[in-house]
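This report introduces a protein structure to a reader who has not met it before. The sequence and the structure are shown first, and a description follows.

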Amino acid sequence: MNHTPDGLNHPALRPYKDSICATARPCAEITLQPAEHLTVWQSKLGGQPYWPEDMEYPRNAKGRPLHLLAQINFAETPPLPDFPEKGILQFFISHNDGIEKMWGMNAENPADQRGFRVVYHADIEHEQDRLLQDFRFLAQARQTPKSNHILQRLAAFWHSQRPGLPFEHACAMRFERQQKYASLEEANGVFLAPGWPPMDAENITSEFLEAFCRLDWSGHRLGGYANILQEKWRLGGPYQDHVLLLQIDCDAPNGVMRHGSGICHFYIHPHDLRQRDFSKVLYTWEFF
C-alpha cells in the first residue's frame with residue numbers, strides 16, 4: 001500500500017505535517033507484470049539484458065558471468081531529479097553457487113562491485129544485430145559440475161536447495177511517479193512541531209509510530225526512500241549522504257523472494273548520480 005498526503009492528516013501526525021513534508025523525495029513506484037515476451041531494450045526484472053556485442057560482458061571475481069536483476073529504460077520512467085532522462089541502467093548480480101553469498105553482496109564493503117555491477121548505457125544501440133543475442137553461456141554458468149566425491153555431492157545438493165537467483169521468472173516493469181517521506185531510520189527522520197516534543201527513532205509516542213508506519217515504504221522503487229530494516233551502518237558514517245537508487249522488495253505473487261522475506265537496496269551519492277558515475281554504488285540485502 002502506498003500512502004497519500006491524506007495519511008498525514010491523522011491527529012498524531014498533523015502537528016508534524018510540515019516537518020514530514022519537508023523531507024519528501026520524488027520516486028517512481030514500480031509494478032511488476034509477468035511477461036513471456038520481453039525486448040532487450042525494455043525495463044524489466046530479470047530476463048536477457050540489453051548488451052552491445054562489442055562490450056565485455058560483466059563477470060564476478062571468479063570470472064563467472066553476472067545475471068541481470070533489473071534493467072531501467074529511462075524513456076519509460078517519469079522524470080526524477082538528478083536521474084538520467086535517457087539511456088538504460090542495469091543491475092547485475094551473482095548467481096548463488098556456494099561461493100558467492102547473498103547474490104554477490106559484500107557485507108564488509110557494500111561498494112565492492114566484484115560480485116555485482118551497475119552499468120549505465122547513455123546511448124542506446126537500436127540495431128539488434130549489433131547486440132549480444134546468444135545468452136546460453138548464462139545457463140551453462142549456473143550448472144553445478146558433477147562429482148563422485150560424497151562431500152562434493154552433498155555440497156552440490158545443498159546448493160541446489162538454495163535460490164540461485166532471488167526471482168523465479170522475468171517481469172515487465174510499469175512506473176508511477178509518487179513521493180516518499182523520510183522514515184524514522186533515515187538521518188533526516190527527525191520531525192519537529194511548535195509546542196510539541198520532537199519525534200525521532202529514540203523519542204516517539206506509540207500513537208505517532210502507529211500512524212507513521214502506515215505511510216509504508218515497502219514495494220519496488222526507483223529513487224525516494226528505502227524500506228530500512230537493519231541498515232544502521234548507513235547512518236553517521238561515510239555513506240550517510242547516499243540516497244536510494246533502486247529497491248527490489250519481496251513480492252511472492254510475482255516470484256520475487258517467494259520462499260523468503262528479503263529486500264534489496266542500491267544506494268548512490270547524489271554527486272555520483274548527477275555525474276552518471278555508477279562505479280561506487282552500494283549494494284545490500286536485508287531480511288525480515
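## A network of charged side chains

In this predicted model, Lys280 has a relative accessibility of 43% and therefore counts as partly exposed, since exposed residues must be over 50%. Its salt-bridge partner is Asp277, with the closest N and O atoms 3.7 Å apart. Asp277 is likewise partly exposed, at a relative accessible area of 25%. The pair does not stand alone: salt bridges with shared partners bring Asp272, Asp277 and Lys280 together in one network.

## Other salt bridges

Side chains of opposite charge can pair when their charged atoms come close. In the whole structure, the search finds nine salt bridges. One of the nine joins Glu29 to Arg221, whose closest N and O atoms are 2.4 Å apart. This pair links distant parts of the chain, for Glu29 lies in strand β1 (residues 25-34) and Arg221 in strand β9 (residues 220-223), 192 residues apart. Both Glu29 and Arg221 are buried.

A further salt bridge is formed by the side chains of Asp134 and Arg136, at 2.8 Å from N to O. Of these two, Asp134 is partly exposed, with a relative accessible area of 37%, whereas Arg136 is exposed, with a value of 59%.

## The overall fold

The protein chain contains five helices and twelve strands. Its length is 288 residues, of which 47% count as buried. Among contacts in the chain with a separation of 6 or more, 74% are between residues 24 or more positions apart. The exposed area of the protein chain is about 14700 Å², and carbon and sulfur atoms supply 51% of that area.

## The sheet

Strands of a sheet pair through backbone hydrogen bonds, either parallel or antiparallel. Here, ten strands form an open sheet with antiparallel pairing, in the order β5-β4-β3-β2-β6-β1-β9-β10-β11-β12. The edges are β5 (116-121) and β12 (282-287), each of which pairs on one side only.

At the β5 edge, six bridges connect β5 with the antiparallel strand β4 (residues 88-93). Within this pairing, Ile93 has Phe116 of β5 as its bridge partner.

## Helix α4 and its two sides

Which residues of helix α4 (residues 206-213) are buried? They are Phe208, Ala211 and Phe212. These residues lie on the same side of α4 because they cover an arc of only 100° around the axis. An α-helix has 3.6 residues a turn, so residues three or four places apart point the same way.

The other side of α4 carries Ser206 and Glu210, which are exposed. The buried residues of α4 are covered by elements including α1 (17-21), β7 (191-193) and β8 (196-199).

## Cysteines

How many disulfides does the model contain? The count comes to zero. Among the cysteines, Cys171 is buried, with a relative accessible area of 0%. Cys213, by contrast, is partly exposed, at 47% relative accessibility.

Notes: Residues numbered from 1 in each chain as written. Predicted model: local features only at pLDDT ≥ 70, side-chain atom pairs only at ≥ 80, totals over all residues. Heavy atoms only, no water. Pairing = 2+ DSSP bridges. Helix = DSSP H or I, 4+ residues; strand = E, 2+ residues; numbered from the N terminus. Buried < 20%, exposed > 50% of the residue type's maximum accessible area, 1.4 Å probe, protein only. Contact = heavy atoms within 4.5 Å. Areas by Shrake-Rupley, 256 points an atom, 1.4 Å probe, with all protein chains shown as cover. Salt bridge = Lys/Arg side-chain N within 4 Å of Asp/Glu carboxyl O. Arc of directions from axis to C-beta. Disulfide = S-S within 2.5 Å.
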